[in-house]
Amino acid sequence: MIKHLFYIAAMLLFVQTAKAGEPSSTELLTTFRQEFVSIKPGQFMMGRNPSADDQRPAHLVKIERGFLMAKYEMTQNLYQAVMKSNPSRWKGPRNSVEMITHADAVQFCKQATKMMRKEKLISKDQMIRLPSESEWEYCARAGTATVYSFGDDPKLLDDYGWHTGNAAGNDPAVGVKKPNPWGLYDMHGYLTEWCADSWADNYKSTPRDQSAQRVRSASKYVARGGSWKDKADRCTSGFRLGLPNETKDTAVGFRCVLE
């Protein structure tokens with residue numbers, strides 16, 4: 001009995017010590033703030049004409065306002081600190097959080113904005129949000145006009161992203177692969193990322209600037225970037241999906257914009 005009580009006390013001490021060593025929400029939010037990359041205004045050709053219907057027509061998009069893009073997909077430890085839960089199947093503190101609906105991602109952005117303003121990590125007129133689809137592709141291309149940000153050869157994808165050819169599951173930490181030319185990681189593969197836009201089957205009527213297309217009561221939202229479940233042809237800079245709002249999948253997550 002005494003040995004049993006001693007064992008329980010030792011385990012409780014171990015758990016308390018482990019928790020004491022974990023970063024606080026303030027520390028995690030501070031790191032999050034430091035990991036944003038400054039994106040300058042510019043313009044680019046969005047979509048590709050000799051491609052799938054949903055990527056046509058190719059059109060010029062002007063990014064008139066600079067913004068900050070998260071260097072990494074949202075990590076599980078930060079999501080846990082802000083939302084007090086971690087729905088991910090593939091657990092790891094610096095793994096990308098998955099099993100996230102579009103509404104979950106939007107709610108995280110709102111809550112993170114409140115917490116970061118309170119901690120004075122951002123100003124009262126700044127906010128965390130999802131990127132628009134055009135902002136996402138602008139960042140994915142990173143000044144390039146090729147199929148991927150590293151060129152046209154899918155054989156090079158192993159160096160830049162997790163896909164069916166090199167991933168056994170969603171279990172690596174963010175930032176293991178090489179970044180794109182603007183210092184953004186995992187834009188090709190790892191997780192498919194929610195954007196702010198409601199889904200459109202093509203680009204005929206989508207915005208020609210960085211604004212998001214929003215349709216009231218939309219049943220689908222845009223997701224970009226391919227995932228560890230996808231082949232190389234779905235991890236390109238231009239690949240896009242329309243996913244039902246309530247989609248929860250081990251291949252779906254998000255990254256944030258700070259503006």
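The paragraphs below go through a predicted model, beginning with one strand and its partners, passing on to the salt bridges, and ending at the largest pocket.

A good place to begin is strand β4, which covers residues 67-70. In a regular strand the side chains alternate between the two faces of the sheet. In β4, F67 and M69 point one way while L68 and A70 point the other way, and all of these residues are buried. Strand β4 pairs with strand β1, residues 36-39, in the antiparallel sense, and four bridges join the two. One of the positions that can be followed by eye is F36, whose bridge partner in β4 is A70. Strand β4 also runs antiparallel to strand β10, residues 257-258, to which two bridges join it. Here M69 has V257 of β10 as its bridge partner.

From the strands the reader can turn to the charged side chains around them. Side chains of opposite charge can pair when their charged atoms come close. The structure holds twelve salt bridges, and one of them links E35 with R94, with 3.1 Å between the closest N and O atoms. Because E35 belongs to the loop between α2 (25-34) and β1, whereas R94 belongs to the loop between α3 (76-83) and α4 (102-118), this pair ties together parts that lie 59 residues apart in sequence. The two partners can also be described by their accessibility: E35 has a relative accessible area of 18% and is buried, while R94, at 28% relative accessibility, counts as partly exposed. The cut-off that places E35 among the buried residues is a relative accessible area under 20%.

A second salt bridge joins E259 to R65, and its closest N and O atoms are 2.8 Å apart. This pair links distant parts of the chain, since E259 sits in the segment after β10 and R65 in the loop between β3 (59-63) and β4, with their positions 194 residues apart in sequence. Both ends can be examined in turn: E259 is partly exposed, with a relative accessible area of 28%, and R65, at 43% relative accessibility, counts as partly exposed as well.

A third example is the salt bridge between K229 and D249, in which the closest N and O atoms are 2.9 Å apart. K229 lies in the loop between β7 (220-224) and β8 (240-244), and D249 lies in the loop between β8 and β9 (252-253), so the pair ties together parts that are 20 residues apart in sequence. K229 is partly exposed, with a relative accessible area of 40%, and D249 is partly exposed too, with a relative accessible area of 25%. Salt bridges can also share partners, and in this way E133, E137, R141, R224 and R240 are joined into one network.

The residue R141, a member of that network, leads on to the largest pocket, where R141 is found again beside F44, M45, T144 and A145 among the residues nearest the centre. The lining of this pocket is made up of 13 residues, and the space within the pocket amounts to about 170 Å³. The elements that give two or more residues to the lining are β2 (42-46) and α5 (133-141), and β2 supplies the largest share, which is four residues. By character, the lining residues divide into six nonpolar, five polar and two charged.

Terms used. Residues numbered from 1 in each chain as written. Predicted model: local features only at pLDDT ≥ 70, side-chain atom pairs only at ≥ 80, totals over all residues. Heavy atoms only, no water. Buried < 20%, exposed > 50% of the residue type's maximum accessible area, 1.4 Å probe, protein only. Pairing = 2+ DSSP bridges. Salt bridge = Lys/Arg side-chain N within 4 Å of Asp/Glu carboxyl O. 1 Å grid on protein atoms, 1.4 Å probe; cavity = no way out; pocket = protein on both sides within 12 Å on 5 of 7 lines; lining within 4 Å. Points joined across faces, edges and corners; volume = space filled by probe spheres on them. Nonpolar A, V, L, I, M, F, W, Y, C, P; charged D, E, K, R; others polar.
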